[in-house]
Amino acid sequence: MPISQKRLIVLFAILAAWAVVVIARLVQVQLIRHADYSTRALRQQERILELTPVRGSILDSHERVLAESVTAESIYADPQAITDAARAAKLLAKIPALQTTAKELRRKLEEGGGFVWIARQFPVEAAAEVKKLKIPGIYSLEEHRRSYPRQTLASNVIGYAGLDGQGLAGIEHSFDSYVRGHAGRVTLLRDARRGMYLVGGEGPNKPVDGNHVVLTIDSVVQFIAERSLSRAVDAYHAASGSAIVLDPSDGAILAMASEPAFDPNHFRDATPASQRNHAVQDMFEPGSTFKIVTASAGLEEGLVTPSQILDCGDGSITIGTTTIHEHGHMRYGMLSFEDVMVHSSNVGAIRVGLSLGPKRFYEYIRRFGFGERTGVQLPGETPGLVRRTEKWSQVSNASISMGQEIGATPLQITRAFAAVANGGLMVEPRIVDRVIDANGKTIYKPQATPPVRVISEKTAAVLNEILKQVVARGTGANAALAEHIVAGKTGTAQKAGRGGIGYLTDKYVASFGGYVPADRPRLVILVLIDEPKNAQYGGTVAAPVFKEIAEATLRYLGVPPTIPSRTIGIGGGSMLAGATIPSAEVPVALPIAPRATASAGGTPDLRGLDAREAIARAVGQGLAVRVDGSGTVISQEPAPGLALPADKRIVLHLAASESSGRTFQVRRVGESPISAAASPAIENRPAEPAR
């Protein structure tokens, strides 16, 4: 065989072998390991990043911003494109806003791979400093970060959101689905020269911004409440505190303050205790503020009247083998029921509770909403603790009558005061008014629950008069205002020991709840101070905070004085009540709620008055009142000016009136909704001796 032919055969064999190797490799790459190599190629050449949408704002009732999203930049790196990781880390560590070390940065950059975050949602100004360094392989991506411009204001209500744009607490959490929006997508591409490019983020991949939540909170009222609460907690070195301001007409919460508070801009630095919303997440034994429930039940059932005399046992009462004493070891003897409330007598309240009996008393406790959540749209609300009567001990009926052996939240107590202020109607507290889109269009509004009638208008009016006296001449004197009559009740509760066994002798919860102006309530306010030092009584610790909040808020809302101006003689001259007195040494008594006097002309004329005012005037003149209907008095028996019957009973016929104020759709507990105007006549049973 010629040499040239042999060479051709050898060359052909070599080419054939090479072709076999190439084909085998192609089969391996394109068929056998195609998926693996495709994944590796994509990992090296591109990366899908999620574009966080602009999170919706949280606004107060006047649409002032409480939480918003602001422009930020995220810094990332391509470690494969960085030739000197040590130098790059050293340069980056010099930027204070990164808050990291060169060692930590170097570790990130030397891990390998094609992508690593250096900083997320970085302030634009700080990101500009990074860009000035012009480090190869360091890039930036525009994002948004959550900002809370008012810092600690309403922080326990608003909550906070994490880096991924998810709400983690408060309104940020409970309304996350509305404010979060929908994320977009962008592709990060790398070319052969290791250049990086962003592609996408438009059309279906464009992020959809979130909606805005409008709260019932008024940031000015919130500031007033937080400032006053913080001062009291600091002054008494208390463990915590809460204050709630509520509009009784519709349940709108104007302020919900918790102390301590935190700055949601730096929520990672906050303690769990400072992040708690004490108004809905904490349960406590309310003490004497709960006596408004005991009083409501006793008055409604006709077991007691304001003037009825109760035996307060010279300071103690024994139930089985347990003896219960008055607060401060007071030794009351015979007191009218009104004075039982005025002086906050434990023994007197217990006698009313015992006369009710466990079954009836339990029904009223549940009627006022204790033992169930209020329905406010905040996470973590506790329902409180109300044990069924079969689990009551021999002393439970007595203990609960004065606010022990029952767990309640500050918001539940506030709702109970609102029911009295509202003429016996209990409204559902609400903290979210609506959700709006970017154009201001309402896309969601919480459905209003019809108010529930828990006590009659007559009972509410009678209790209103009693609670006014608590402030005028009783334990709540420190809550009195110069320009408005206040109705309220103090509370001082010993804290239960570990495991609920016994009571601690050195730890108390001081509280005051009330409403103002008493006869036309605009505000219901509850103040609670947990574990105050060097003082313990609600009238001393919490009532002055109520006064501060009420005065400033009424002034801010422009509520005119409801106590008529009086001329006060001073050194032969005169001046109007409420005016500035030059000398602080001149004593001027605060106006006290006037007590009605008996009419010299027989039956007083109560026609044209609403139920609250008519009943208050009649009760003030010592009359027994029967109410028929609701709304405004259209007629009465006996007629005005005629002689009163021997039992001093007067019947008021009421009907709805366009000028009588709000119109409610009312339902009684356990009944279907009915019209307030069509509600059946309400009449208390005749008074019986307290048992």
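I'll start at helix α1, residues 3-32, which is where L11 sits. Bear in mind throughout that this is a predicted model. L11 has a relative accessibility of 46%, so it counts as partly exposed. Together with L8 and L15, L11 makes a nonpolar surface patch of about 300 Å². On the general point, residues three or four places apart in an α-helix point the same way, because there are 3.6 residues a turn.

Now the whole protein. There are 691 residues, and 49% of them count as buried. The secondary structure comes to 20 helices and 30 strands. The accessible surface is about 32500 Å², and carbon and sulfur atoms hold 53% of that. Taking contacts with a separation of 6 or more, 72% are between residues 24 or more positions apart.

Next, the interior. Which residues have the most contacts inside the largest nonpolar core? They are I171, M256, F337, F370 and I431, in a core of 110 residues. Take M256 as the example. Setting aside neighbours within four places in sequence, M256 is in contact with V157, I217, Q222, A243, N277, A279, V280, L378, L411 and I431. I431, then, is both a contact of M256 and one of the residues with the most contacts in that core. Apart from this core lies another, of 35 residues, which includes A238, V471, V486 and F546.

F546 brings me to helix α19, where F546 is one of the buried residues. The helix runs over residues 543-557, 15 residues in total. From first C-alpha to last, α19 reaches 21 Å, close to the 21 Å expected at 1.5 Å a residue. The other buried residues of α19 are A543, V545, I549, A550, A552, T553 and L554. What do the buried residues of α19 pack against? Two helices are on the list, α9 (219-235) and α18 (538-541), along with three strands, β11 (240-246), β22 (503-516) and β23 (523-530). After α19 comes G558, with a positive phi near 75°.

Last, strand β22, one of the elements that the buried residues of α19 pack against. D506 is found in this strand. Is D506 buried or exposed? Its relative accessibility is 56%, so D506 counts as exposed. Between D506 and N534 there are 9.9 Å in space, C-alpha to C-alpha, and the two are 28 residues apart in sequence.

That is the tour, from the patch on α1 to strand β22.

Methods
Residues numbered from 1 in each chain as written. Predicted model: local features only at pLDDT ≥ 70, side-chain atom pairs only at ≥ 80, totals over all residues. Heavy atoms only, no water. Patch = residues over 30% accessible without salt bridge, like charges linked within 9 Å, V, L, I, M, F, W, Y side chains within 5 Å. Areas by Shrake-Rupley, 256 points an atom, 1.4 Å probe, with all protein chains shown as cover. Salt bridge = Lys/Arg side-chain N within 4 Å of Asp/Glu carboxyl O. Helix = DSSP H or I, 4+ residues; strand = E, 2+ residues; numbered from the N terminus. Buried < 20%, exposed > 50% of the residue type's maximum accessible area, 1.4 Å probe, protein only. Core = buried A, V, L, I, M, F, W, Y, C linked by side-chain atoms within 4.5 Å. Contact = heavy atoms within 4.5 Å. Expected span 1.5 Å × (residues − 1).
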